[in-house]
Amino acid sequence: VVRRVHVADRQDPHWREDKLTGVEDAPVVSVVIPSHARPLRLRWLLNALHEQTLPADTWDVVVVHHYEPDVAARIFDRHPLATEGRLRHCSSNPGAGCPARLRNLGWRMARGGLVAFIDDDCRPEPGWLEELVSGAEQRPGQIIQGRTRPDPYEVAIFAAPHVRTLEVEPPGGFAQTCNILYPRAVLERLGGFDERAVTGEDIDLALRARSEGIALIAAPEAVVNHAIEAQVLWRAIRSNWKWRHLAYVVKRHPEMRRYCRLRLFWEPEHLEVLLAFAGLLGVRRSPALALLAIPYLRREARHRGSRPADRLVAVAELPGRAVFELAEVMTMAAGSIEHRTLVL
Amino acid sequence: VSALRVALVHHAYPSEPDVGVLARALAAAGHEPSVVAAGLARPADHHVRVVRVPHLPDAVLRVRKIGENLSHVPAAAVALRAGGFDVAHAFSPADALATARGSVLTFLHAIRRERLSDRRLRLAVLERAVERAGALVAPSPEVADSLSHWLGVDARILAAGDAEGHVALYQELLSATPR
């Protein structure tokens, strides 16, 4: 059964359609997934959700995405979650919003008293949702964060010089939305994600929750496997460009600087690569300045391991990685200018 | 139906029996199949015409976990263009990279999640192959079910020896594609 529903955001001029394959009773928990440009991985995520051990009548799924109708039909229409009436999805214009907006649309459509967030490049283990809900039952009113690890199916991709993945041991201060559960009441009280935060909206929400006395509780048995994606250098640099907006979140929450080296550098590598770059520039004037490069070179020489073959690979990858890390520093510098707070 | 010149593209022919079975069935039905395969000549199959194409050294692709069975693609693409075939039919996503848009792609085996993205280019190759294929074929309902489950796509179920079914599919694609 497919029927149209009306949500608070339908006034959005970019709103195209929304669909509901509905169960009549409200579920205990709704899983909210924002999705963009990953139709196959989204399908795999839905398959993994279909294998969850939590009783089927206690949860449903809401997907907010940017897909054209034919792609959406291929992903959703005959998926078992849809035919069982446990999947709702809606499409939004690709230019209409950041992940925060998609997540806000998603949780506002959710009917569960609990809202579990996961990303479209993740694959939960079968007991994931059950563990999150169990955590929420033990600590009602709190935020429950599960464990995220690089997907064991994809570890071979670490052979690439530039990879994108995520590892989170809960409770982690950044409260990533790839594996976290909020009580719906908390989301309503806080007004959801800050849509001005293009990135880091998950950190912002968790910090606002903490300021209201809501704790972040670890549920290490709630395991999500995060995709490992290889990227060529220019694409890695381009996809990191959005992280300049992290400066906005740091400006809003100065306490985030405690995660920064010298309260200034978001990653330790950023400080080290800048020192190495400065040493390289100054080596003609004073050879001793070459010593500035030692911390960076030591780290890079070891990043593949200690065998001679690993060291050789590390040396071969050094120029590309240095360019990538310098580009990250430039990205953060651009964000610092844009948002008028210095964080590198 | 006039005789069709069909290129069956498989990097490791004759390791997959289905390719040879289809080639012989098409030949018996009066068509002109050729298998485009990678590597050096192997013991001849007198019933099947085989076009061997060179492949580039692929040790780096394997060791650096970039992908498998990709090194023959450039030469296979050239052979397909030069061969004057009516239809190209690939038997793996990597083989499909050598074919033109709108060709046939058969998945010989059921898809398993753990093998869908275990190499750097695997997912990109799979997405491109499926998006460009004119038709997907599965030799069994089990394979078709796995394609539906993991890729959300429908595949036509055709046994390898079903020359009539394959020819009907080729004709369908040819009539839909301006030549």
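## A salt bridge between the chains

A:Glu317 and B:Arg64 form a salt bridge, with their closest N and O atoms 2.9 Å apart. Keep in mind as you look at this pair that the model is predicted. The elements of chain B that give two or more residues to the side touching chain A are α5 (122-132) and α6 (141-151). Of the elements, α6(B) gives the most to that side, with four residues. By residue type, the side of chain B that touches chain A divides into nine charged, six nonpolar and four polar residues.

The salt bridge of A:Glu317 and B:Arg64 has company: four salt bridges are found across the interface of chain B and chain A. Polar contacts link the chains too, with ten residue pairs across the interface, both residues being at pLDDT 80 or more.

## The interface as a whole

How many residues does each chain bring to the contact? Chain A brings 20 residues and chain B brings 19 residues. The size of an interface is often given as the accessible area lost when the parts come together. Here, chain B and chain A bury about 1800 Å² between them, and 55% of this is on carbon and sulfur atoms.

Three arginines deserve a look on the chain B side. B:Arg64, B:Arg113 and B:Arg120 supply 30% of the area that chain B buries against chain A, more than any other three residues. B:Arg64 is also the partner of A:Glu317 in the salt bridge described above.

## Arg123 of chain A

A:Arg123 is in strand β6 (residues 122-124) of chain A. Is A:Arg123 buried or exposed? With a relative accessible area of 12%, A:Arg123 is buried, because buried means under 20%. Its side chain makes a polar contact with the side chain of A:Asp151, at 2.6 Å.

Setting aside residues up to four places away in sequence, A:Arg123 touches B:Arg113 from the other chain. Within chain A, A:Arg123 touches A:Ala48, A:Asp151, A:Pro152, A:Tyr153, A:Val224 and A:Asn225. B:Arg113 is one of the three arginines that supply 30% of the area chain B buries against chain A.

## A loop in chain A: Thr177 and a cis proline

The loop between β8 (163-164) and β9 (179-183) of chain A holds A:Thr177. A:Thr177 is buried, with a relative accessible area of 2%. Which side chain does the side chain of A:Thr177 meet in a polar contact? The partner is the side chain of A:Arg103, at 3.1 Å. Beyond its neighbours within four places in sequence, A:Thr177 is also in contact with A:Phe117, A:Ile118, A:Asp119, A:Phe193, A:Glu201 and A:Asp202.

A:Pro171 lies in the loop between β8 and β9 of chain A as well. The peptide bond leading from A:Pro170 to A:Pro171 is cis, with omega near -5°.

## Other backbone points to check

Some general background helps here. Most residues other than glycine have a negative phi, and most peptide bonds are trans.

Chain B has a cis peptide bond from B:Tyr13 to B:Pro14, with omega near 10°. B:Pro14 sits in the loop between β1 (5-9) and α1 (17-28) of chain B.

Positive phi values turn up in both chains. In chain A, A:Leu262 has a phi near 55°, a positive value in a residue other than glycine. A:Leu262 is in the loop between α9 (246-252) and α10 (268-282) of chain A, and at 64% relative accessibility it counts as exposed. In chain B, B:Lys65 has a positive phi of about 55° although it is not a glycine. The loop between α2 (59-63) and α3 (73-83) of chain B is home to B:Lys65, which is partly exposed at 29% relative accessible area.

## Helix α2 of chain A

Which residues of helix α2 (residues 69-77) of chain A are buried? They include A:Val71, A:Ala72, A:Ile75 and A:Phe76. Viewed down the axis of α2(A), the buried residues fall within an arc of 110°, so they line one face of the helix. Among the elements of chain A that cover them are α1 (39-50), β3 (59-65), α3 (80-83) and β4 (87-92).

## Far in sequence: Ala28 of chain B

B:Ala28 belongs to helix α1 of chain B, and it is exposed, with a relative accessible area of 71%. B:Ala28 and B:Ala163 are 135 residues apart in sequence, while their C-alpha atoms are 8.6 Å apart in space.

How values were computed:
Residues are numbered from 1 along each chain as its sequence is written. Chains are lettered from A and ligands numbered from 1 in the order in which they are written. This is a predicted model: local features need pLDDT of at least 70, side-chain atom pairs count only at pLDDT 80 or more; totals for chains, interfaces and linings use all residues. Side-chain values use heavy atoms; hydrogens and water are left out. Buried means under 20% relative accessible area, exposed over 50%, partly exposed in between (1.4 Å probe, protein chains only). The arc is that of the directions from the helix axis to the C-beta atoms. Contact means heavy atoms within 4.5 Å. Buried area is the accessible area (1.4 Å probe) that two parts lose on being put together, summed over both. A salt bridge is a side-chain nitrogen of Lys or Arg within 4 Å of a carboxyl oxygen of Asp or Glu. A polar contact is a pair of N or O atoms within 3.5 Å; within protein, one must be able to donate a hydrogen and the other to accept it, and residues adjacent in sequence count only if both atoms are side-chain atoms. Ala, Val, Leu, Ile, Met, Phe, Trp, Tyr, Cys and Pro count as nonpolar, Asp, Glu, Lys and Arg as charged, and the others, Gly among them, as polar.
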